[in-house]
Structures are given as structure tokens and as C-alpha cells.
Amino acid sequence: MGSLDIKQESSPYTMTNPLDSEEFRKQGYMVIDFLAEYYKSLEKYPVRSQVEPGYLRKRLPESAPHKPESMDTILKDIQTDIIPGLTHWQSPNYYAYFPSSGSTAGLLGETLASGFNVVGFNWISSPAATELETIVMDWLANMLNLPNSFTFSGNGGGVMMGTTCEAILTTITAARDTFLNKYGPDTISKLVVYGSDQTHCSFFKSAKIAGISPSNFRTIKTTRSNSYSLLPESLKSAIEADLKNGLIPLFLVATVGTTSTAAVDPLGPLCDVAKEYNMWVHVDAAYAGNACICPELRYMINGVEKADSFSFNAHKWFLTTLDCCCLFVKNPNALVRCLSTNPEYLKNKATDTQQVVDYKDWQLTLSRRFRSLKMWMVIKSYGVDYLRNFLRSHVDMAIYFEQMVKKDKRFEIVVPRSFALVCFRVCASAVIQCCGQKFLEEEKLNEINSELLESINSVGKIYMTHSLVDGIFLIRFAVGATLTEVHHVTYAWKLIQEHATIVLGKRSPKNIISSQCE
């Protein structure tokens, strides 16, 4: 039987190999140059995208191209069609949600990880990927001054995931199985999970996926007088009420830096309550955990030594590009017993020795990315001292912004500043004075602040977001973009003042009468 004789040059499919090193070099330089110019000119773009829903379908062809297009053409299309639809999270005038701080080291670390493109589900599939992750997670634990029980040397350990949603789902699933293995699967309908009315929505989504009945989700009310922190006595009352009804407390999420106001739950006292009932306690420090590498802010996680797990998102405020959630657990075996898989095609001698970590058994998915490489590059490139000062600079800018707000009597701070988040609004007295009214309903005040926020965001000069807490519409000013400097904060405040003058001016009796006469 003759061998096939394929003449490469005559094939209709002949083209440069998709991983040709010289072509990669050429196109890679083009992309890096494109991004460098993007960062250089970031401030010329409206921070919040100004496009309408469906804009992109009108610009792009209905079907995919059959012939290759050059990188030059593709980059021109990105500039023309994609960038207008971006909200620019790296802009120095971005103060919305929480930050997603980037850096040269983080971006290039991501590039290297994508370039190697390893799938490190177990040790043997890429030993460096696993071992670097264990080392970097222990570095982070030391930077945060976490107890030794959260490190590999203390029989705990850390794992990098995509987001906090994964971390919470993983830990609640481990807690569930630990309980059910002891008391039987029929008790799942009685299991109850607890959080506050400020706990991130991912908690209850995770509980639902884990099979906990939505009727057994406890959202414990917080109050403004306690800065929206979850009180231990409120938790205990909720637990006792459930026990009287024959239910079983399973899991508590305590938060350090809630999404709405960056409130901090008292970890130690909450853990003390939870441990009376043998509950799993997870500490969600997605945003604020980053700042706790600063010794002066470490007290915010005092009591974490009593928790079972702790997580923070390095992609929020640690110069590490999305995605990178760092989860620490005291008992990795709880995850492994719940999540391990060992099919024949994954068996190997290294795993059999039980001397290596197979991270596939610490997470929901099998495949995983080489996230530790970018985190390692960030830490090596900048060092702990610089990272601490980077975080401190944002806290200082938030303090500066808070001071400016307090000086303008038309505004009020809704809750005391926490970390680098300032929550403020136009106050009722300013509206009453402007409109000549004697009384102002909260709903009307919320409407005015909502109008102010949209007035500011629609211009595109800065971008902020809001929350509604205990019926109060508040504007969130979250400092954290890598490129933000003091003069950007000063500019933002002046812009806010200008728009407040316009919005309040519309409601003055003189302007109302004038508009009615037109």
C-alpha cells in the first residue's frame, strides 16, 4: 500500500501555521502597541459606554468571514466597533462598582500563562503550575498574617479560582456534604444558610445550586446605626428560631467589605456564635481583603482564625488582571472528599504517592488556568512594600474625597467611609432649602439623587454606581483604578458639584414657575 503524497504547496488549505513564532512576534508587537496607545489615550474616551443596546449587531456582518483577515484590519475593527462599546474599567476616572485594577506585570503574566496554555488539573499535567500556586498562596497568607492553619505547612492551604461565586459554591458544597455524610442525605431539606441583607447575591445563588431550599435562606437585617454590619445577637436569634422549628444551621457567610457600603461584619463574635452550632463559617473579603495586607488595616479581619475558609479577589485591587479569587481553607480534605474524581485516564504515580496537590479536587471544574503565574509576577515585580503603598494611596484619596463632601452642606455621608469607598448623597436639607418645602419624602430624595447620578454618568467624564440600602439611594465613589491620581479625584468632585447645582436648580420655585410658563 503506497504512502500518501501530499504536496503542501498545492494544497488549497495552505497558510501560515497558527502558532508560527515569527508571525506571533509580529502580531504580538502590534497588539502590545495597540494596548499601549489605548492606555495612553484612556482619558479621551467616555468612561461609561454611550452605545445603545444592539449597536454591535448593526455594525458587524451577519456571518463569519471565510477568508483570513490581517491583524491590522482586525485592530482597526476593534478601534472602530468594539472600543465604543466598552466601559473603561482602567480609566483613572472610573469609580463604579469595585475596581478591577490592572498592571503591566499582571497583564504580561496573563499573557505568559495564555502563551504556555497549560491545563493544570493535576500535578503531573504541569508540576510548575501546581507548585507555584501552593507557594504563592502561602506567600499571600503570610502577607495577610493569616493563621498557620490556612497554609500548607499548617495542614490547610489555598487555591486560586475565577471568582468569589466559585469560592462560596465550593465551600458551601463541602459543608453540605460533610454534614450529609454524617447525618444522612434525607436531612438536606432541613439545612439552613445565613447571611445579612448586605451579603453578596452570589451566596444565595450558590446555596440554591448546592441544593439548599430557598425557604431556608436567612437574610438577617442590618441597620444604619450599626453601619450595616451583621450583629452576633441577630444571628443567634435567627438560629434559635430555626432550631425551634426543627431546622439545622449549616453555613454562615460573614463579609469584610460589603458591596453596597464596604461594611465589615465582626468576625470573631460571629464565629463564636456559629461554632456553638457546629456551622461552617466562610469569610467573604472579595474587595477589602486586598487592603488587609496593610498592617494598619489587618484588624478588619481579626477573628478570621476562627473561620473555616476565607477568600478575596486579587483581580479587584491587587494589580492582578481578571480573574483571580484566592480561597484559603483549614481543611482541604473537606473539599477533596466532596469534589475529587479519579478516572483511569487521570491516574498517575505522582497522585498515587499522595505527596502532591491535585487542584482538580479542590474546585468545581476539572480544567484550570495558570493563574498563579500572573500573581507571582505581580508580587515579584512590585514587592510587598509597593503593593501596600499602592493600596494606601487609594484609601488616602478616598479620605480626601470624603473631606470634600463633608465641606459642602448640600451633601451628606450616608455611612462612614470604609477602605476606599465613600457613600454619599444630596441631603434632604439641601433640597428643602432649594425648593422652599417644609418636608421631603425619602422616595423623592432618592429620585433626586438618582437623577444626579445619571446626569453625571451620561456625560461620560466619570463613572459611579449606586446602591439602595435600607430604602436609601446612595452614590458610591470607589477609588481603586490603577491610573487614578489626586487630581482626578479633585476633578470628579468639582463635576459632581456642578451637576448638583444644575439638578437642584431645576427644582427651585423660580425655575419651576418659569418652566410652567413656557
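Which residue in β9 stands opposite Phe411? Select Phe411 and look across: the residue facing Phe411 is Val426 in β9. Keep in mind as you go that this is a predicted model.

**The first pair of strands.** Now select residues 421-426, which make up β9; 5 bridges join this strand to β8, and the two run antiparallel. Move to the hairpin of β8 and β9, where 2 residues sit between the strands. Pick Phe419 there and check its backbone: phi is positive, near 55°.

**Inside β9.** Colour β9 by burial next, and you will find 6 of its 6 residues buried. Show the side chains: Leu421, Cys423 and Arg425 point one way, while Val422, Phe424 and Val426 point the other way.

**On to β11.** Stay with Cys423 and step over to its bridge partner in β11, Arg476. Altogether, 4 bridges join β9 to β11, again in an antiparallel arrangement.

**The whole sheet.** Zoom out to take in 4 strands, forming an open antiparallel sheet in the order β8-β9-β11-β10. Select 411-418 and 465-469 to highlight β8 and β10: each stands at an edge with a single partner strand, so one side of each has no neighbour in the sheet. Tilt the view to see the twist, as neighbouring strands are turned by 30° against each other on average, direction ignored.

**The helices.** Add residues 442-459 to bring up helix α15, which lies across β8, β9, β10 and β11 and runs at about 30° to β11. Finish with residues 486-505, helix α16: this one lies across β8, β9 and β11, at about 145° to β8.

Note on methods: Residues numbered from 1 in each chain as written. Predicted model: local features only at pLDDT ≥ 70, side-chain atom pairs only at ≥ 80, totals over all residues. Heavy atoms only, no water. Pairing = 2+ DSSP bridges. Axes fitted to C-alpha atoms, helices over the stretch in contact; angles between N-to-C directions. Contact = heavy atoms within 4.5 Å. Buried < 20%, exposed > 50% of the residue type's maximum accessible area, 1.4 Å probe, protein only.
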